[in-house]
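Please examine the sequence and the three-dimensional structure shown below. The explanation after them is meant for a reader who meets this structure here.

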Amino acid sequence: MAVACLLVAGAAVGYWVYAEVVDGVRTSDALGDKGPGSSHGDQNILLMGLDSRKDLNGNPLPKNLLEQLHAGASSDVGGYNTNTLILLHLPADGSRATGLSVPRDDLVDVPGFGKQKIKEAYGLAKAREENRLVAQGVKDHTALESKGREAGRRTEIQTVRNFLDVPIDHFAEINLAGFYDLAGALNGVDVCLKQPTKDKNSGADFPAGRQTLNARQSLAFVRQRHNLPSGDLDRTRRQQAFLLSAVHKLEASGTLDKIGRAYSLLEAAKRDIVIDKDWGLMDAAGQMKKLAGGNVAFHTLKINGFATYRGESVNVADPATVRRQVQELLRPAPSPNPPSTHSGREAPTTPSPRPGSGDGSAGDPKTLGGDGVPCVD
(Lines give C-alpha, C1' and ligand atoms only; values in the text may rest on other atoms or scores of the structure.)
Protein backbone atom coordinates (compact mmCIF):
# COMPACT_ATOMS: atom_id res chain seq x y z
CA MET A 1 0.00 0.00 0.00
CA ALA A 2 1.16 3.53 -0.66
CA VAL A 3 1.48 4.28 3.05
CA ALA A 4 4.60 2.11 3.10
CA CYS A 5 6.22 4.50 0.64
CA LEU A 6 5.28 7.45 2.83
CA LEU A 7 6.76 5.74 5.87
CA VAL A 8 10.03 5.16 4.04
CA ALA A 9 10.05 8.81 3.01
CA GLY A 10 9.69 9.81 6.64
CA ALA A 11 12.21 7.32 8.01
CA ALA A 12 14.87 8.78 10.29
CA VAL A 13 17.77 7.31 8.33
CA GLY A 14 19.45 10.46 7.08
CA TYR A 15 19.43 12.84 4.15
CA TRP A 16 21.13 10.38 1.79
CA VAL A 17 18.15 8.03 2.05
CA TYR A 18 15.84 10.98 1.40
CA ALA A 19 17.89 11.87 -1.69
CA GLU A 20 17.51 8.30 -2.94
CA VAL A 21 13.74 8.57 -2.53
CA VAL A 22 13.54 11.84 -4.44
CA ASP A 23 15.83 10.63 -7.22
CA GLY A 24 14.30 7.18 -7.55
CA VAL A 25 10.54 7.47 -7.13
CA ARG A 26 8.56 8.64 -10.15
CA THR A 27 6.82 11.98 -9.76
CA SER A 28 3.72 13.48 -11.35
CA ASP A 29 2.35 16.94 -12.13
CA ALA A 30 -1.24 15.70 -11.94
CA LEU A 31 -2.17 17.99 -9.05
CA GLY A 32 -1.37 20.98 -11.24
CA ASP A 33 -3.15 24.11 -10.05
CA LYS A 34 -4.74 22.41 -7.08
CA GLY A 35 -6.30 25.57 -5.69
CA PRO A 36 -6.37 26.41 -1.98
CA GLY A 37 -4.62 23.86 0.19
CA SER A 38 -5.51 22.65 3.64
CA SER A 39 -5.55 25.29 6.36
CA HIS A 40 -3.44 25.68 9.52
CA GLY A 41 -0.66 23.42 8.24
CA ASP A 42 -2.81 20.28 7.99
CA GLN A 43 -2.26 17.94 5.05
CA ASN A 44 -4.65 15.77 3.04
CA ILE A 45 -2.95 12.96 1.12
CA LEU A 46 -4.86 10.87 -1.42
CA LEU A 47 -3.66 7.27 -1.67
CA MET A 48 -4.68 5.56 -4.91
CA GLY A 49 -4.32 1.81 -5.45
CA LEU A 50 -4.61 0.81 -9.12
CA ASP A 51 -6.00 -2.58 -10.10
CA SER A 52 -3.58 -2.67 -13.01
CA ARG A 53 -1.56 -5.65 -14.26
CA LYS A 54 0.93 -3.35 -16.00
CA ASP A 55 4.06 -1.57 -14.83
CA LEU A 56 4.54 2.20 -14.69
CA ASN A 57 5.47 2.26 -18.38
CA GLY A 58 2.34 0.39 -19.45
CA ASN A 59 4.19 -2.86 -20.16
CA PRO A 60 2.52 -6.17 -19.19
CA LEU A 61 3.71 -7.71 -15.95
CA PRO A 62 5.57 -11.02 -16.40
CA LYS A 63 3.32 -14.08 -16.43
CA ASN A 64 5.11 -15.64 -13.48
CA LEU A 65 4.40 -12.50 -11.45
CA LEU A 66 0.74 -12.53 -12.51
CA GLU A 67 0.56 -16.10 -11.25
CA GLN A 68 2.00 -15.04 -7.90
CA LEU A 69 -0.49 -12.17 -7.75
CA HIS A 70 -3.34 -14.58 -8.57
CA ALA A 71 -4.51 -11.77 -10.84
CA GLY A 72 -5.48 -13.68 -13.98
CA ALA A 73 -3.46 -14.87 -16.95
CA SER A 74 -3.63 -11.59 -18.89
CA SER A 75 -2.27 -8.13 -18.13
CA ASP A 76 -5.43 -6.69 -19.74
CA VAL A 77 -7.56 -7.72 -16.75
CA GLY A 78 -8.40 -4.98 -14.27
CA GLY A 79 -7.76 -2.02 -16.55
CA TYR A 80 -6.96 1.18 -14.68
CA ASN A 81 -9.57 1.19 -11.94
CA THR A 82 -8.58 2.80 -8.65
CA ASN A 83 -9.88 0.02 -6.42
CA THR A 84 -8.37 1.65 -3.34
CA LEU A 85 -9.00 5.30 -2.52
CA ILE A 86 -7.97 6.54 0.93
CA LEU A 87 -7.80 10.16 2.02
CA LEU A 88 -5.20 10.43 4.80
CA HIS A 89 -5.63 13.56 6.93
CA LEU A 90 -2.52 14.61 8.89
CA PRO A 91 -3.17 17.37 11.48
CA ALA A 92 -0.41 19.95 11.82
CA ASP A 93 -0.41 19.67 15.61
CA GLY A 94 0.62 16.00 15.52
CA SER A 95 -2.68 14.75 16.89
CA ARG A 96 -4.26 11.54 15.62
CA ALA A 97 -4.37 11.13 11.85
CA THR A 98 -7.59 10.09 10.10
CA GLY A 99 -7.93 7.77 7.11
CA LEU A 100 -11.13 7.93 5.06
CA SER A 101 -11.81 5.05 2.67
CA VAL A 102 -14.00 5.84 -0.33
CA PRO A 103 -15.94 2.75 -1.50
CA ARG A 104 -14.82 2.06 -5.06
CA ASP A 105 -18.31 1.54 -6.51
CA ASP A 106 -19.82 4.83 -5.30
CA LEU A 107 -21.78 6.42 -8.16
CA VAL A 108 -20.52 10.00 -8.46
CA ASP A 109 -20.14 12.87 -10.90
CA VAL A 110 -16.89 12.41 -12.84
CA PRO A 111 -15.79 15.65 -14.60
CA GLY A 112 -16.36 15.24 -18.32
CA PHE A 113 -18.04 11.84 -18.03
CA GLY A 114 -21.21 12.32 -15.99
CA LYS A 115 -22.34 9.67 -13.52
CA GLN A 116 -19.76 6.87 -13.16
CA LYS A 117 -18.31 4.64 -10.48
CA ILE A 118 -15.64 6.63 -8.70
CA LYS A 119 -13.03 3.94 -9.39
CA GLU A 120 -13.49 4.41 -13.16
CA ALA A 121 -12.51 8.09 -13.35
CA TYR A 122 -8.81 7.27 -13.88
CA GLY A 123 -9.29 4.75 -16.68
CA LEU A 124 -11.94 6.78 -18.53
CA ALA A 125 -9.78 9.90 -18.62
CA LYS A 126 -6.67 7.92 -19.56
CA ALA A 127 -8.39 6.28 -22.53
CA ARG A 128 -9.89 9.54 -23.75
CA GLU A 129 -6.55 11.36 -23.62
CA GLU A 130 -4.78 8.56 -25.46
CA ASN A 131 -7.46 8.52 -28.17
CA ARG A 132 -7.09 12.30 -28.54
CA LEU A 133 -3.33 12.02 -28.93
CA VAL A 134 -3.58 9.15 -31.41
CA ALA A 135 -5.96 11.26 -33.50
CA GLN A 136 -3.27 13.96 -33.54
CA GLY A 137 -0.73 11.46 -34.87
CA VAL A 138 1.10 10.49 -31.69
CA LYS A 139 2.30 6.89 -31.97
CA ASP A 140 4.96 6.52 -29.31
CA HIS A 141 3.76 4.00 -26.69
CA THR A 142 5.71 5.56 -23.83
CA ALA A 143 4.38 9.05 -24.56
CA LEU A 144 0.80 7.81 -24.84
CA GLU A 145 1.05 5.89 -21.58
CA SER A 146 2.67 8.76 -19.69
CA LYS A 147 0.25 11.44 -20.86
CA GLY A 148 -2.72 9.13 -20.55
CA ARG A 149 -1.88 8.29 -16.94
CA GLU A 150 -1.40 11.95 -16.09
CA ALA A 151 -4.89 12.66 -17.44
CA GLY A 152 -6.24 9.74 -15.41
CA ARG A 153 -4.63 10.98 -12.22
CA ARG A 154 -5.91 14.52 -12.72
CA THR A 155 -9.49 13.34 -13.24
CA GLU A 156 -9.43 10.88 -10.34
CA ILE A 157 -8.04 13.51 -7.98
CA GLN A 158 -10.57 16.09 -9.12
CA THR A 159 -13.41 13.58 -8.75
CA VAL A 160 -12.45 12.77 -5.16
CA ARG A 161 -11.91 16.44 -4.34
CA ASN A 162 -15.36 17.36 -5.65
CA PHE A 163 -17.10 14.42 -4.01
CA LEU A 164 -15.61 14.97 -0.54
CA ASP A 165 -15.38 18.78 -0.83
CA VAL A 166 -11.90 18.89 0.68
CA PRO A 167 -8.52 20.11 -0.60
CA ILE A 168 -5.99 17.48 -1.66
CA ASP A 169 -2.43 18.56 -0.94
CA HIS A 170 -0.50 15.49 -2.10
CA PHE A 171 -1.08 12.04 -3.58
CA ALA A 172 0.60 8.67 -4.00
CA GLU A 173 -0.26 5.91 -6.49
CA ILE A 174 0.64 2.22 -6.47
CA ASN A 175 -0.42 -0.83 -8.52
CA LEU A 176 -0.83 -4.53 -7.74
CA ALA A 177 2.82 -5.35 -8.33
CA GLY A 178 3.82 -2.51 -6.05
CA PHE A 179 1.69 -3.78 -3.23
CA TYR A 180 3.16 -7.26 -3.69
CA ASP A 181 6.71 -5.88 -3.59
CA LEU A 182 6.09 -3.73 -0.54
CA ALA A 183 4.34 -6.53 1.33
CA GLY A 184 7.34 -8.75 0.57
CA ALA A 185 9.73 -6.08 1.85
CA LEU A 186 7.91 -6.18 5.20
CA ASN A 187 8.75 -9.91 5.57
CA GLY A 188 5.27 -10.85 6.69
CA VAL A 189 2.34 -8.92 8.17
CA ASP A 190 0.06 -10.19 10.94
CA VAL A 191 -3.71 -10.15 10.41
CA CYS A 192 -6.67 -11.54 12.32
CA LEU A 193 -9.83 -13.06 10.83
CA LYS A 194 -13.08 -13.61 12.68
CA GLN A 195 -13.83 -16.73 10.64
CA PRO A 196 -12.18 -18.96 8.01
CA THR A 197 -12.61 -17.91 4.40
CA LYS A 198 -11.75 -19.08 0.88
CA ASP A 199 -12.09 -17.45 -2.54
CA LYS A 200 -10.70 -18.80 -5.82
CA ASN A 201 -10.83 -15.40 -7.56
CA SER A 202 -8.36 -13.71 -5.22
CA GLY A 203 -6.57 -16.86 -4.09
CA ALA A 204 -7.62 -16.30 -0.48
CA ASP A 205 -7.57 -19.39 1.72
CA PHE A 206 -7.27 -18.46 5.37
CA PRO A 207 -8.21 -20.05 8.70
CA ALA A 208 -9.83 -18.05 11.49
CA GLY A 209 -7.66 -16.24 13.99
CA ARG A 210 -4.35 -14.45 13.93
CA GLN A 211 -1.79 -15.34 11.25
CA THR A 212 1.24 -13.96 9.43
CA LEU A 213 0.86 -13.43 5.67
CA ASN A 214 3.59 -13.46 3.05
CA ALA A 215 3.47 -11.17 0.00
CA ARG A 216 1.20 -13.41 -2.11
CA GLN A 217 -1.17 -14.03 0.79
CA SER A 218 -1.22 -10.34 1.67
CA LEU A 219 -2.42 -9.43 -1.80
CA ALA A 220 -5.12 -12.10 -1.65
CA PHE A 221 -6.18 -10.80 1.77
CA VAL A 222 -6.72 -7.22 0.61
CA ARG A 223 -8.23 -8.19 -2.76
CA GLN A 224 -10.85 -10.69 -1.60
CA ARG A 225 -14.47 -9.54 -1.90
CA HIS A 226 -16.33 -12.77 -2.67
CA ASN A 227 -17.56 -14.93 0.21
CA LEU A 228 -17.45 -11.98 2.61
CA PRO A 229 -20.60 -10.84 4.47
CA SER A 230 -20.52 -7.29 3.07
CA GLY A 231 -18.50 -7.84 -0.11
CA ASP A 232 -16.57 -4.75 -1.17
CA LEU A 233 -17.19 -2.98 2.15
CA ASP A 234 -15.50 -5.83 3.99
CA ARG A 235 -12.62 -5.67 1.54
CA THR A 236 -12.23 -1.99 2.39
CA ARG A 237 -12.08 -2.85 6.09
CA ARG A 238 -9.44 -5.48 5.36
CA GLN A 239 -7.32 -2.88 3.60
CA GLN A 240 -7.60 -0.64 6.63
CA ALA A 241 -6.74 -3.49 9.00
CA PHE A 242 -3.73 -4.47 6.91
CA LEU A 243 -2.47 -0.88 6.90
CA LEU A 244 -2.84 -0.62 10.66
CA SER A 245 -0.97 -3.86 11.20
CA ALA A 246 1.76 -2.95 8.69
CA VAL A 247 2.52 0.46 10.19
CA HIS A 248 2.49 -1.09 13.67
CA LYS A 249 5.07 -3.66 12.54
CA LEU A 250 7.25 -0.97 10.97
CA GLU A 251 7.43 0.85 14.28
CA ALA A 252 7.65 -2.20 16.55
CA SER A 253 10.44 -3.82 14.52
CA GLY A 254 12.44 -0.62 14.20
CA THR A 255 12.30 -0.78 10.39
CA LEU A 256 12.06 2.99 10.12
CA ASP A 257 15.36 3.45 11.92
CA LYS A 258 17.35 0.67 10.23
CA ILE A 259 18.93 1.60 6.94
CA GLY A 260 19.00 -1.91 5.46
CA ARG A 261 15.32 -2.57 6.11
CA ALA A 262 14.32 0.89 4.91
CA TYR A 263 16.17 0.26 1.67
CA SER A 264 14.16 -2.88 0.90
CA LEU A 265 11.03 -0.73 1.04
CA LEU A 266 12.75 2.01 -0.92
CA GLU A 267 13.68 -0.30 -3.78
CA ALA A 268 10.06 -1.42 -4.04
CA ALA A 269 8.93 2.20 -4.02
CA LYS A 270 11.25 3.05 -6.90
CA ARG A 271 9.71 0.36 -9.10
CA ASP A 272 6.05 0.83 -8.41
CA ILE A 273 5.06 4.15 -6.82
CA VAL A 274 4.19 7.59 -8.20
CA ILE A 275 3.94 10.72 -6.02
CA ASP A 276 3.24 14.38 -6.83
CA LYS A 277 6.31 16.41 -7.72
CA ASP A 278 5.83 19.16 -5.14
CA TRP A 279 5.71 16.93 -2.12
CA GLY A 280 8.37 17.93 0.41
CA LEU A 281 8.83 14.45 1.86
CA MET A 282 11.18 15.52 4.64
CA ASP A 283 8.48 17.85 5.92
CA ALA A 284 6.29 14.81 6.51
CA ALA A 285 8.91 12.85 8.49
CA GLY A 286 7.59 13.67 11.95
CA GLN A 287 3.99 12.86 11.02
CA MET A 288 4.99 9.59 9.38
CA LYS A 289 6.80 8.47 12.52
CA LYS A 290 3.70 9.17 14.60
CA LEU A 291 1.54 7.38 12.05
CA ALA A 292 3.80 4.34 12.33
CA GLY A 293 3.26 4.44 16.07
CA GLY A 294 -0.44 3.75 15.54
CA ASN A 295 -1.66 7.33 15.85
CA VAL A 296 -4.33 6.91 13.16
CA ALA A 297 -8.03 6.02 12.93
CA PHE A 298 -9.77 4.68 9.81
CA HIS A 299 -13.37 5.11 8.68
CA THR A 300 -15.30 4.04 5.58
CA LEU A 301 -17.52 6.75 4.08
CA LYS A 302 -21.24 6.10 4.22
CA ILE A 303 -23.43 4.77 1.46
CA ASN A 304 -27.23 4.78 1.36
CA GLY A 305 -27.61 1.42 -0.31
CA PHE A 306 -27.11 -0.47 -3.56
CA ALA A 307 -28.65 -0.16 -7.00
CA THR A 308 -28.23 -1.04 -10.67
CA TYR A 309 -27.09 1.69 -13.04
CA ARG A 310 -26.55 1.03 -16.75
CA GLY A 311 -26.61 -2.67 -16.00
CA GLU A 312 -23.93 -2.56 -13.29
CA SER A 313 -24.14 -2.77 -9.51
CA VAL A 314 -23.29 0.53 -7.82
CA ASN A 315 -23.27 2.11 -4.38
CA VAL A 316 -25.76 4.91 -3.86
CA ALA A 317 -24.04 7.70 -1.94
CA ASP A 318 -25.56 11.10 -1.17
CA PRO A 319 -22.84 13.77 -1.61
CA ALA A 320 -24.30 16.02 1.11
CA THR A 321 -24.29 13.16 3.63
CA VAL A 322 -20.75 12.13 2.69
CA ARG A 323 -19.42 15.68 2.94
CA ARG A 324 -21.07 16.15 6.30
CA GLN A 325 -19.44 12.93 7.55
CA VAL A 326 -16.05 14.05 6.22
CA GLN A 327 -16.29 17.41 7.96
CA GLU A 328 -17.30 15.77 11.23
CA LEU A 329 -14.42 13.29 11.10
CA LEU A 330 -11.81 15.88 10.15
CA ARG A 331 -12.96 18.57 12.59
CA PRO A 332 -10.14 19.31 15.08
CA ALA A 333 -12.46 19.21 18.11
CA PRO A 334 -15.94 17.69 18.35
CA SER A 335 -18.89 20.03 18.70
CA PRO A 336 -22.58 19.16 19.15
CA ASN A 337 -25.01 19.44 16.24
CA PRO A 338 -22.51 20.65 13.62
CA PRO A 339 -24.15 22.73 10.89
CA SER A 340 -24.09 21.54 7.29
CA THR A 341 -23.41 24.03 4.54
CA HIS A 342 -23.06 21.54 1.70
CA SER A 343 -25.57 20.31 -0.82
CA GLY A 344 -25.42 17.71 -3.53
CA ARG A 345 -27.47 15.66 -5.96
CA GLU A 346 -28.36 12.09 -5.27
CA ALA A 347 -27.44 9.45 -7.82
CA PRO A 348 -30.23 8.88 -10.38
CA THR A 349 -31.05 5.39 -9.18
CA THR A 350 -33.42 3.66 -6.81
CA PRO A 351 -31.39 2.27 -3.92
CA SER A 352 -32.01 -1.16 -2.47
CA PRO A 353 -30.64 -0.99 1.08
CA ARG A 354 -28.96 -4.06 2.52
CA PRO A 355 -28.13 -4.84 6.13
CA GLY A 356 -25.42 -2.51 7.37
CA SER A 357 -25.28 -0.48 4.16
CA GLY A 358 -26.44 2.71 5.82
CA ASP A 359 -23.40 2.99 8.09
CA GLY A 360 -20.16 2.94 6.19
CA SER A 361 -18.08 2.98 9.34
CA ALA A 362 -19.74 0.05 11.10
CA GLY A 363 -17.16 -2.58 11.92
CA ASP A 364 -14.19 -0.54 10.71
CA PRO A 365 -10.82 -1.25 12.36
CA LYS A 366 -10.79 2.30 13.73
CA THR A 367 -7.58 2.35 15.74
CA LEU A 368 -4.72 0.12 16.71
CA GLY A 369 -5.45 -2.23 19.59
CA GLY A 370 -3.03 -3.47 22.19
CA ASP A 371 -0.96 -5.47 19.70
CA GLY A 372 -1.85 -3.52 16.56
CA VAL A 373 -3.77 -6.35 14.87
CA PRO A 374 -7.53 -5.70 14.59
CA CYS A 375 -9.83 -8.64 13.72
CA VAL A 376 -12.01 -8.38 10.61
CA ASP A 377 -14.26 -10.59 8.43
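The paragraphs that follow treat helix packing and then two individual residues.

The model is a predicted one. Two packed helices are described by the angle between their axes and the distance between the axes. A suitable starting point is helix α5, residues 141-164, and its contact with helix α4, residues 121-135. The axes of these two helices come within 7 Å and cross at roughly 140°. Helix α4 is therefore oblique to α5, since an angle counts as roughly antiparallel over 145 degrees. The crossing in which α4 passes α5 is right-handed.

Many residues take part in this contact. On the α4 side they are Ala 121, Tyr 122, Ala 125, Lys 126, Glu 129, Glu 130, Leu 133 and Val 134. On the α5 side, the residues they meet include Leu 144, Glu 145, Gly 148, Arg 149, Gly 152 and Thr 159. By class, the contact of α4 with α5 comprises seven nonpolar, four polar and eight charged residues.

Helix α5 also packs with helix α11, residues 319-330. Here the axes lie 8 Å apart, and the angle is about 85°. Because angles from 65 to 115 degrees count as roughly perpendicular, α5 and α11 are roughly perpendicular to each other. Helix α5 contributes Asn 162, Phe 163 and Leu 164 to the contact, while α11 contributes Pro 319, Val 322, Arg 323 and Val 326. The residues of the contact of α5 with α11 are five nonpolar, one polar and one charged.

The next point of interest is Gly 58, which is placed in the loop between strand β2 (43-50) and helix α3 (63-69). Is Gly 58 buried or exposed? Its relative accessible area is 6%, and buried means under 20%, so Gly 58 is buried. Leaving aside residues up to four places away in sequence, Gly 58 touches Tyr 80, His 141, Glu 145 and Arg 149. One of these, Glu 145, is 87 residues away from Gly 58 along the chain, yet the C-alpha atoms of the two are separated by 6.0 Å. Both Glu 145 and Arg 149 have already appeared above, among the α5 residues that meet α4.

The last residue to consider is His 170, found in strand β7, which spans residues 170-174. His 170 counts as buried because its relative accessibility is 7%, and the limit for that class is under 20%. The side chain of His 170 makes a polar contact with the side chain of Asp 276, at 3.1 Å.

Note on methods:
Residues are numbered from 1 along each chain as its sequence is written. This is a predicted model: local features need pLDDT of at least 70, side-chain atom pairs count only at pLDDT 80 or more; totals for chains, interfaces and linings use all residues. Side-chain values use heavy atoms; hydrogens and water are left out. Axes are lines fitted to C-alpha atoms, for helices over the stretch in contact, and angles run from 0 to 180 degrees between N-to-C directions. Helices (H or I, at least four residues) and strands (E, at least two) are DSSP runs, numbered from the N terminus. Angles under 35 degrees count as roughly parallel, over 145 as roughly antiparallel, 65 to 115 as roughly perpendicular and the rest as oblique. A crossing is left-handed if the near helix is turned anticlockwise from the far one by less than a right angle, and right-handed if clockwise. Contact means heavy atoms within 4.5 Å. Ala, Val, Leu, Ile, Met, Phe, Trp, Tyr, Cys and Pro count as nonpolar, Asp, Glu, Lys and Arg as charged, and the others, Gly among them, as polar. Buried means under 20% relative accessible area, exposed over 50%, partly exposed in between (1.4 Å probe, protein chains only). A polar contact is a pair of N or O atoms within 3.5 Å; within protein, one must be able to donate a hydrogen and the other to accept it, and residues adjacent in sequence count only if both atoms are side-chain atoms.
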